[in-house]
Amino acid sequence: MRTLRDFFERNRRWAEKVKETDPDFFMNLSRQQKPEYLWIGCSDSRVPANEIVDMLPGTIFVHRNIANLVIDTDLNCLSVVQYAVEILRVRHIIVCGHYGCGGVQAAMEDREHGLMDSWLQNIRDVYSRHRERVDAVEDERARIDLMCELNVIEQAANLCRTSIVRSAWQSGRELAVHGWIYGIEDGILRDLDVCFTNLDEMYKRMG
Ligand code: CO
């Protein structure tokens with residue numbers, strides 16, 4: 001109960017395996033991190049950032065929360081974005097949602113979820129902006145999946161509106177905000193055809 005010994009054994013085996021391919025891997029990483037990507041994803045255990053794109057430690061700076069939200073009062077998320085953009089100078093920010101997201105589903109339900117409801121309210125705001133289109137979908141699962149997609153796009157747009165991303169663009173930095181969605185059922189990542197590289201692109205898309 002107190003030790004979770006299995007975790008430590010698995011860790012040793014994993015570290016050995018990585019060192020077999022590259023003996024200096026950890027030593028090199030310990031000197032610096034130079035990730036080119038910031039990943040903002042859902043906390044869902046089935047959507048681990050590095051694993052689903054088969055990338056090693058050191059490649060992706062990660063922030064995850066319930067339903068991959070970018071809220072302008074969330075100091076946690078904004079601090080991650082600021083560090084990634086201003087210090088690590090990442091070139092790409094990926095907002096990655098997933099189909100069948102429990103957070104999105106909970107937000108669409110007509111019942112109370114306690115403390116979490118104030119967080120889920122941000123998803124309800126997305127719903128009210130797209131109510132007509134979403135309500136036109138009869139199948140419940142398809143409706144939630146559409147909401148998962150719309151939520152990614154809205155969060156990517158929220159990211160573009162932050163002072164951090166805006167000032168990076170204003171100073172002429174190359175920085176792209178992408179919107180992707182992952183299928184838990186097939187393990188496949190899909191591009192939602194969202195790629196904002198300046199404010200105009202975002203406003204054009206978001207209307
Ligand atoms: Co989720």
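## A cobalt site, a small cavity and a buried strand

Trp180 has Asp191 of strand β5 as its bridge partner, and that pairing is a handy way into this predicted model. Trp180 belongs to β4, a strand whose two faces are both covered. From there we can move to the cobalt ion, held by Cys42, His98 and Cys101, and then to the largest cavity, whose lining includes His98, Cys101 and Ile181.

**Strand β4 and its partners**

- Strand β4 spans residues 176-183, and because 8 of its 8 residues are buried, the rest of the structure largely encloses it.
- On one side of β4 sit Ala176, His178, Trp180 and Tyr182, and on the other Val177, Gly179, Ile181 and Gly183; every one of these is buried.
- With β5 (residues 188-196), β4 runs antiparallel, and 7 bridges join the two.
- The two strands make a hairpin with 4 residues between them, and in its turn Gly187 has a positive phi of about 75°.
- With β3, β4 runs parallel, again through 7 bridges; here His92 stands opposite Ala176.

**The cobalt site**

- Three side-chain atoms coordinate the cobalt ion: SG of Cys42, NE2 of His98 and SG of Cys101, at 2.0 to 2.3 Å.
- Along the sequence, these donor residues follow the spacing C-x55-H-x2-C.
- His98 and Cys101 are both buried.
- Cys42 has a relative accessible area of 6%, so it too falls under the 20% cut-off for buried.

**Cysteines without disulfides**

- The structure holds 0 disulfides.
- Cys96 is one cysteine outside any such bond: the nearest cysteine sulfur belongs to Cys42 and lies 9.5 Å away, whereas a disulfide needs the two sulfur atoms within 2.5 Å.
- Cys96 counts as buried because its relative accessibility is 1%, under the 20% cut-off.

**The largest cavity**

- How many cavities of 30 Å³ or more does a search of the whole structure find? The search finds 1, and the largest cavity holds about 30 Å³ of space.
- Its lining consists of Ala67, Asn68, Gly97, His98, Cys101, Val104, Cys148, Asn151, Val152 and Ile181.
- Two of the cobalt donors, His98 and Cys101, are therefore part of this lining as well as of the metal site.
- β3 (92-98) and α8 (140-161) each supply at least two lining residues, and α8 gives the most, with 3.
- Sorted by class, the lining has 6 nonpolar and 4 polar residues, and no charged ones.

Conventions: Residues numbered from 1 in each chain as written. Predicted model: local features only at pLDDT ≥ 70, side-chain atom pairs only at ≥ 80, totals over all residues. Heavy atoms only, no water. Donors = N, O, S within 2.8 Å, 3.2 Å for Na, K, Ca; no water. Buried < 20%, exposed > 50% of the residue type's maximum accessible area, 1.4 Å probe, protein only. 1 Å grid on protein atoms, 1.4 Å probe; cavity = no way out; pocket = protein on both sides within 12 Å on 5 of 7 lines; lining within 4 Å. Points joined across faces, edges and corners; volume = space filled by probe spheres on them. Nonpolar A, V, L, I, M, F, W, Y, C, P; charged D, E, K, R; others polar. Pairing = 2+ DSSP bridges.
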